[in-house]
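Here's a quick walk through a few spots in this model that are worth a look on screen. Pull up the viewer and follow along.

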Amino acid sequence: MTAIPYLKRGFIFGDRWRLFINTALGCPSSCSYCYLPSVGIKIGDTPDNVVAAEEIINTLEGQDYEVVRGKFGTIFSIGCYSECWDSRNLPQTLTLIDRLLEWGNPIQVATKRRIRIKQLGGLSRNIAWKGQLTIYISCSSIAKWRAWEPGTAAPIERFTGFAAANEHSIPAYLYIKPVIEGVTITDVEEYNSVIQKFNVDCVVGDMFTTVPSSLSAPIGNGVLYVKESDEVVRLSQELAKQCRVFRNSTEVIEMWRAR
């Protein structure tokens, strides 16, 4: 399979600075705020369209993508069009991470599933530098997660991933993205409790929408825009009293690159 079908179907897209990679298209989580339907991808069902990690690697090694290898090379962000830790997708996700770690590049993984210690054990041997692999435990609502993220793991289960990552010295972050207006900010005390319990920093980010704004989303092929919200600023200010707060995940990468 050549790189062109991947480019058209969304498995790989981006540029030499950052590539978004998916080993599946579609997500069973059914989050109420999901942007996937806006780009023509189904939610609510286990993805049938799963590709092997080796096919992704072969495509990246081809001529259709300008991949710069190494610590200051291309950022690999895994799973924007799927749930990369879904049971069907997980084997390919782990293989993909393992192979890409050998290239020395920074790798990001975001999930709303539970990450177990043993799942990360095989990856740590290939980590070349601290922060090369970063994990983002996503949660836009704690108290009302069943209403907004019905097909995900319960927050209490997701947050055990912080301990799993810490066991292997892999940096993990509380990923509060998107901030749901009128909902996420009401959980500020719960988020503070998670931050204190697991001693983690966080990323607080905007929602993506099809309503045009001054900022285009980094994904969505021009269809999605950033929905700016004052509540993002307010929540960030509150959580900054407890931890470091990043505006986006690439800021985390730049911090680790500088060390």
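Let's start with Tyr35, whose side chain comes to 2.8 Å from the backbone oxygen of Cys80. That's a polar contact, meaning a pair of N or O atoms within 3.5 Å; within protein, one must be able to donate a hydrogen and the other to accept it, and residues adjacent in sequence count only if both atoms are side-chain atoms. Tyr35 sits in the loop between E2 and helix H2 (53-60). Helices (H or I, at least four residues) and strands (E, at least two) are DSSP runs numbered from the N terminus. Skipping neighbours within four places in sequence, Tyr35 is in contact (heavy atoms within 4.5 Å) with Cys80, Tyr81, Phe208, Ile219 and Leu224. Tyr35 and Tyr81 are 46 residues apart along the chain, with 9.0 Å between their C-alpha atoms.

A word on ground rules: this is a predicted model, so local features need pLDDT of at least 70, side-chain atom pairs count only at pLDDT 80 or more, and totals for chains, interfaces and linings use all residues. Residues are numbered from 1 along each chain as its sequence is written, and side-chain values use heavy atoms, with hydrogens and water left out.

Next up is Arg18, in strand E2 (residues 18-21). Arg18 is buried (under 20% relative accessible area, 1.4 Å probe, protein chains only) but has no salt bridge, that is, no side-chain nitrogen of Lys or Arg within 4 Å of a carboxyl oxygen of Asp or Glu. The nearest side chain of opposite charge, Asp15, is 8.0 Å away. What Arg18 does have is polar contacts to the side chains of Ser77 and Gln108. Residues touching Arg18 also include Phe13, Thr74 and Ser249.

Then there's Gln132, in the loop between helix H4 (117-121) and strand E5 (133-138). Why does Gln132 count as buried? Because its relative accessibility is 0%. Its side chain makes polar contacts with the backbone of Leu101 and of Ala128. Among the other residues in contact with Gln132 are Gly104, Pro106 and Ile127.

Here are the polar contacts side by side:

| Side chain | Partner | Distance |
|---|---|---|
| Tyr35 | Cys80 backbone oxygen | 2.8 Å |
| Arg18 | Ser77 side chain | 2.9 Å |
| Arg18 | Gln108 side chain | 3.2 Å |
| Gln132 | Leu101 backbone oxygen | 3.0 Å |
| Gln132 | Ala128 backbone nitrogen | 2.7 Å |

Definitions and conventions
Buried < 20%, exposed > 50% of the residue type's maximum accessible area, 1.4 Å probe, protein only. Lys, Arg positive; Asp, Glu negative; His and termini not counted.
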